[in-house]
Amino acid sequence: MTKICVIGEGLVFVHGLVDVLSDHGYDTVYAGGADALGKAALQHSRADIFLLEFSPTNAVTIKDLSAAIAARGSVVLFVTAGGGLCDEARRLLGVTVDGVIEWSATIDALVEAVSVVAQGGRFSREGVVSEPPRTVGISGLSPRELQILRQVSLGLTHGQVARALDISKHTVDTYVKRIRSKLAVGNKAELTRAAVLASAITAASGP
């Protein structure tokens with residue numbers, strides 16, 4: 001089951017999101033503000049998706065949180081308080097921010113957005129964003145992606161990798177999909193070769 005962490009200023013709004021997501025089969029592991037408690041929850045959460053409410057008053061905090069989430073490799077979906085803020089939030093889009101949706105969106109649109117990013121896609125207020133595959137090579141992988149590739153090179157299953165890195169299997173699945181897309185590899189054999197190469201590069205670079 002996909003695990004979600006919901007962080008926002010309006011607790012009624014936040015817990016409303018929790019109810020909606022629960023009704024559609026998502027498990028919320030934390031729901032609350034972006035205060036000290038929220039940041040602590042972020043550090044220890046094993047969520048697959050972080051759903052962040054974006055507003056002018058918490059823009060700096062949310063940007064800081066998205067940077068912390070990037071280190072964990074989880075995806076982020078911004079929920080903004082209006083159409084104008086969507087453009088501002090869009091400027092913050094990066095490798096860790098995979099969706100933007102307006103506060104006034106319908107429940108169906110919100111659920112679709114969460115579903116899209118849960119499957120490794122991207123979502124904007126116009127709907128699903130289709131991106132062509134990118135081939136970036138081993139050097140273009142993030143440290144976390146290289147770490148997962150090294151685990152794959154040892155012959156570990158996704159479940160074993162998840163336990164070794166203390167993340168969910170869903171997160172590992174999402175990472176592997178991104179790695180396949182970045183390296184343009186289509187099967188397990190090609191992925192394994194990339195994993196062995198990544199392991200060799202890491203060994204050659206030293207500890």
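Start with Val-76. It stands opposite Val-97 in β5. This is a predicted model, so keep that in mind throughout. The strands here are β4 and β5, which pair in the parallel sense over five bridges. β4 covers residues 75-80. β5 covers residues 97-102. Is β5 enclosed or open? Five of its six residues are buried, so β5 is largely enclosed by the rest of the structure.

Now to β1, residues 3-7. Four of the five residues of β1 are buried, so this strand too is largely enclosed by the rest of the structure. Which strands does β1 pair with? One is β2: the two run in the parallel sense, over five bridges. There, Val-6 stands opposite Ala-31 in β2. To get from β1 to β2, the chain passes through α1. That β-α-β crossover is right-handed. β1 also pairs with β3, again in the parallel sense, over four bridges. In that pairing, the bridge partner of Ile-4 is Ile-49 in β3.

Next, the interior. A general point first. In soluble globular proteins, nonpolar side chains tend to be buried together. How many residues are in the largest nonpolar core of this model? There are 24. Those with the most contacts inside the core are Ile-4, Val-6, Leu-51, Leu-77, Ile-101, Leu-110 and Val-114. We have met two of these already: Ile-4 with its partner in β3, and Val-6 with its partner in β2. Which elements give two or more residues to the core? They are β1, α1 (11-23), β3 (49-54), β4 and α5 (107-118). The largest share, eight residues, comes from α5.

There is another core, apart from that one. It has 17 residues, among them Ile-148, Ala-162, Val-172 and Tyr-175.

Let's stay with α5. Which of its residues are buried? The list is Ala-109, Leu-110, Val-111, Ala-113, Val-114, Val-116, Val-117 and Ala-118. Take Val-114 from that list. Setting aside residues up to four places away in sequence, Val-114 touches Ile-4, Leu-21, Tyr-26, Ile-49 and Leu-77. Ile-4 and Ile-49 are the bridge partners from β1 and β3.

A quick check on the helix itself. At 1.5 Å a residue, the twelve residues of α5 should span 16 Å. The end C-alpha atoms of α5 are 16 Å apart, which agrees. After α5 comes Gly-120, with a positive phi, near 90°.

What touches Gly-120 from further along the chain? Thr-174 does, and Thr-174 also touches Ala-118, with residues up to four places away left out of the count. Thr-174 lies in helix α8, residues 169-183. Is Thr-174 buried or exposed? The relative accessible area of Thr-174 is 10%, so this residue is buried.

On to the loop before α8. Asp-166 lies between α7 (158-165) and α8. Asp-166 has a positive phi of about 60°, although it is not a glycine. Why point that out? Most residues other than glycine have a negative phi.

On either side of that loop sit Gly-159 and Lys-169. Gly-159 is found in helix α7. At 17% relative accessibility, Gly-159 counts as buried. Gly-159 and Lys-169 are ten residues apart along the chain, and their C-alpha atoms are separated by 5.4 Å.

Last topic: charges. Side chains of opposite charge can pair when their charged atoms come close. How many salt bridges does a search of the whole structure find? Two.

One joins Asp-27 and Lys-3, with the closest N and O atoms 3.1 Å apart. Asp-27 lies in strand β2 and Lys-3 in strand β1, so the pair ties together parts that are 24 residues apart in sequence. Both ends are partly exposed: Asp-27 at 27% relative accessibility, Lys-3 at 29%.

The other joins Asp-173 and Lys-169, at 3.2 Å, N to O. Being four residues apart in helix α8, these two are separated by about one helical turn. Asp-173 is partly exposed, at 22% relative accessibility. Lys-169 is partly exposed as well, at 46%.

To recap. β1 pairs in the parallel sense with β2 and with β3. Helix α5 gives eight residues to the largest core. And one salt bridge ties β2 to β1, while the other sits within α8.

Methods:
Residues numbered from 1 in each chain as written. Predicted model: local features only at pLDDT ≥ 70, side-chain atom pairs only at ≥ 80, totals over all residues. Heavy atoms only, no water. Core = buried A, V, L, I, M, F, W, Y, C linked by side-chain atoms within 4.5 Å. Buried < 20%, exposed > 50% of the residue type's maximum accessible area, 1.4 Å probe, protein only. Contact = heavy atoms within 4.5 Å. Expected span 1.5 Å × (residues − 1). Salt bridge = Lys/Arg side-chain N within 4 Å of Asp/Glu carboxyl O. Pairing = 2+ DSSP bridges. Right-handed = clockwise from strand over helix to strand, strands pointing away.
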